[in-house]
Amino acid sequence: MLVTFETSFADALLDADRPIPDGIIAHNTAIPARRFAVYRNNVVAGLVKALRSRFPVIETIVGAEFFAAMARIFATAQPPRSPLLASYGDTFPAFIAAFEPASDVPYLADVARLEAARTRAYHAADAAPVGADRFAMLDGKIIADIRVPMHPSTEIVRSQFPIVTIWAMNSGEQALAPIEDWRAEDALIARPHFDVQVRTLPPGGAAFLLALAAGQSFGEAAAAALADHPDFDLTCNLAGLIGSGLARDIIAPESRSLSQP
Amino acid sequence: MSRASHLPASTGVGFKPAHFDDIRAASQPVGFFEVHAENYMGAGGPPHVQLSALRERHALSVHGVGLSIGSMQQLDQAHLARLRALCDHYEPESFSEHLAWSSHGGAYLNDLLPLPYTPRTLARVVEHVDEVQTALGRQMLLENPATYIRFAESTIPEVDFLTEIAKRTGCGLLLDINNVFVSATNHDTPPLPYLDTFPLDRVREIHLGGHDEETDDVGAPLLIDTHGSPISAAVWALYTYVIARTGAVATLIEWDNDVPDWPTLRAEAAKAQHVLCTASRSSSAA
């Protein structure tokens with residue numbers, strides 16, 4: 001069997017309770033436990049390090065010791081499925097949501113979703129955003145039927161907790177202070193240029209952008225946003241869409257010209 | 001296999017984004033840069049902006065850590081395609097990978113794991129190296145591993161194993177001198193006979209890096225390949241020994257953990273450059 005050494009080796013790496021596989025030797029001892037532990041430690045410590053670099057705010061919130069313990073359990077239960085470690089931890093927020101010892105920090109999983117989205121935005125495909133000048137030239141009569149493909153880096157995380165404020169205060173973006181206005185915040189994460197931006201969306205903004213991202217027209221997206229929140233303000237959200245560089249293109253309805261005649 | 005590995009015979013360093021501005025400000029930072037392939041497989045973003053800027057001005061070595069060439073399983077075809085896209089885009093002077101495995105049963109284990117050296121594993125690794133060189137349309141370099149244990153079933157010395165792979169596939173070798181020293185210490189074997197029998201004519205790149213010192217179950221020295229400290233005096237001595245025999249060979253300083261500031265890393269590269277220059281002078285005087 002060609003795979004024998006790998007299978008027993010791999011199984012023992014992720015389960016420290018298993019004995020060292022047969023056939024593994026050292027020059028000076030019958031059971032080279034500390035030597036095999038080097039591999040065990042490399043695997044798990046390396047994965048914990050990858051999670052720590054992707055979820056620094058989660059580590060700040062729960063502390064290094066708690067984070068390392070939680071990350072070790074995750075790493076041995078859900079090792080990566082790909083050598084691309086930048087994408088490792090996409091399922092860490094769901095793991096945190098179900099991780100009983102963290103249940104007294106109810107916003108933790110949502111902040112983790114925000115951090116996971118930041119990495120995806122960082123590595124997303126590049127695309128030049130549509131400039132404000134092209135929006136200014138649009139024919140007002142067709143604007144409701146226009147579709148706007150979103151920038152590939154666009155990510156939206158909805159939460160019933162003030163996740164953007166919590167993230168900003170724990171990442172050093174904002175001074176740490178008691179949060180007086182404890183309210184739901186929807187996060188917009190995008191990287192239209194070099195740096196990843198994180199913003200709080202206005203009321204209905206998340207529903208508006210999610211509808212546009214799903215291929216709906218401006219009119220349909222605005223209706224969805226109003227249904228989501230009565231305070232939805234189309235002008236303000238359009239300005240945000242354009243100013244944040246979220247539009248990758250403008251697509252007119254069939255057989256119509258984009259510009260005013 | 002069309003393109004042979006052709007790094008300049010000078011010293012390079014592993015590229016770290018924290019050093020980007022210092023590198024841009026330097027007129028002649030180092031002879032080449034090496035990057036881990038898997039860090040540049042995202043669709044876009046700052047990593048590609050920086051690597052493109054670096055590539056415009058410098059020789060480049062792409063060093064894979066995730067292909068699992070030493071596995072007895074099939075190579076991950078999606079990963080091989082990503083490597084091909086990366087090499088096609090950046091056209092590095094060299095592509096290298098490890099005599100090790102890191103994936104099993106669909107899980108990526110994130111370490112360079114050892115394999116037994118037998119006729120059967122040899123045949124499998126040869127197939128994998130052939131497959132990589134065909135897919136990439138270029139010669140690859142295979143690196144000797146740092147190991148902490150051995151397999152009872154091994155029947156072929158590591159040097160013979162590597163020599164045979166190079167002979168059968170035409171691949172070049174990446175000689176990691178820190179790995180030689182780490183493995184020799186860990187298995188209580190002398191490093192010089194290893195180097196004396198190593199096929200130095202196949203070596204297209206040398207790696208130098210730091211290691212940590214621990215002890216094993218019975219208190220014997222156990223060296224860990226950590227790339228997190230300066231290169232030890234013993235490794236410098238072995239490097240000088242090798243360069244006296246090979247002449248100048250592309251040499252990389254690997255410093256991946258506790259990464260120092262740019263001047264410190266640059267100084268470590270300058271030490272290696274001094275060894276290379278001394279070798280060049282004595283060979284041209286001979």
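Let's start with helix 2 of chain A, whose buried residues are A:Arg35, A:Phe36, A:Val38, A:Tyr39, A:Asn42, A:Val43, A:Val44, A:Leu47, A:Leu51 and A:Arg54. Here a residue counts as buried if 20 or more other C-beta atoms, placed from the backbone, lie within 10 Å of its own, as exposed if 12 or fewer do, and as partly exposed in between. Helices (H or I, at least four residues) and strands (E, at least two) are DSSP runs, numbered from the N terminus.

Before going on: this is a predicted model, where local features need pLDDT of at least 70, side-chain atom pairs count only at pLDDT 80 or more, and totals for chains, interfaces and linings use all residues. Residues are numbered from 1 along each chain as its sequence is written, while chains are lettered from A and ligands numbered from 1 in the order in which they are written.

Back to helix 2 of chain A, residues 33-54. The expected span is 1.5 Å times one less than the number of residues, so its 22 residues should cover 32 Å, and the 31 Å between its end C-alpha atoms agrees with that. A:Arg52 also sits in this helix, but it is partly exposed, with 16 other C-beta atoms within 10 Å. Leaving aside residues up to four places away in sequence, A:Arg52 touches A:Glu59, A:Phe67 and A:Ala71; contact means C-beta atoms, placed from the backbone, within 7 Å. From A:Arg52 to A:Phe67 there are 15 residues along the chain, and their C-alpha atoms are 8.0 Å apart.

Next, two helices that cross. The axes of helix 6 (residues 108-123) and helix 8 (residues 163-171) of chain A come within 10 Å and cross at roughly 70°. Axes are lines fitted to C-alpha atoms, for helices over the stretch in contact, and angles run from 0 to 180 degrees between N-to-C directions. That makes the two helices of chain A, 6 and 8, roughly perpendicular, a label for 65 to 115 degrees (under 35 is roughly parallel, over 145 roughly antiparallel, the rest oblique). On helix 6 of chain A the meeting residues are A:Asp110, A:Val111 and A:Leu114, and on helix 8 of chain A they are A:Ile163, A:Ile166 and A:Trp167.

Helix 8 of chain A also lies across strands 2, 3 and 4 of chain A, at about 135° to strand 4 of chain A. Those strands form an open antiparallel sheet in the order 2-3-4. Strand 2 (155-157) and strand 4 (197-200) of chain A are its edges, each pairing on one side only. Two strands pair if DSSP finds at least two bridges between them.

Here are three antiparallel pairs:

| Strands | Bridges |
|---|---|
| Strand 2 and strand 3 (residues 187-190) of chain A | three bridges |
| Strand 11 (residues 211-215) and strand 12 of chain B | five bridges |
| Strand 1 (residues 24-25) of chain A and strand 8 of chain B | two bridges |

Within these pairs, A:Glu155 has A:Ile189 as its bridge partner in strand 3 of chain A, and B:Glu213 has B:Leu223 in strand 12 of chain B. Strands 11 and 12 of chain B form a hairpin with five residues between them, and B:Gly219 in the turn has a positive phi of about 85°. Across the chains, A:Ile25 is bridged to B:Arg150 in strand 8 of chain B.

Finally, where do the chains meet? The contact takes 41 residues from chain A and 43 residues from chain B. Strand 6 of chain B gives the largest share of chain B's side, six residues.

Note on methods. Two residues are in contact if their C-beta atoms, placed from the backbone, lie within 7 Å.
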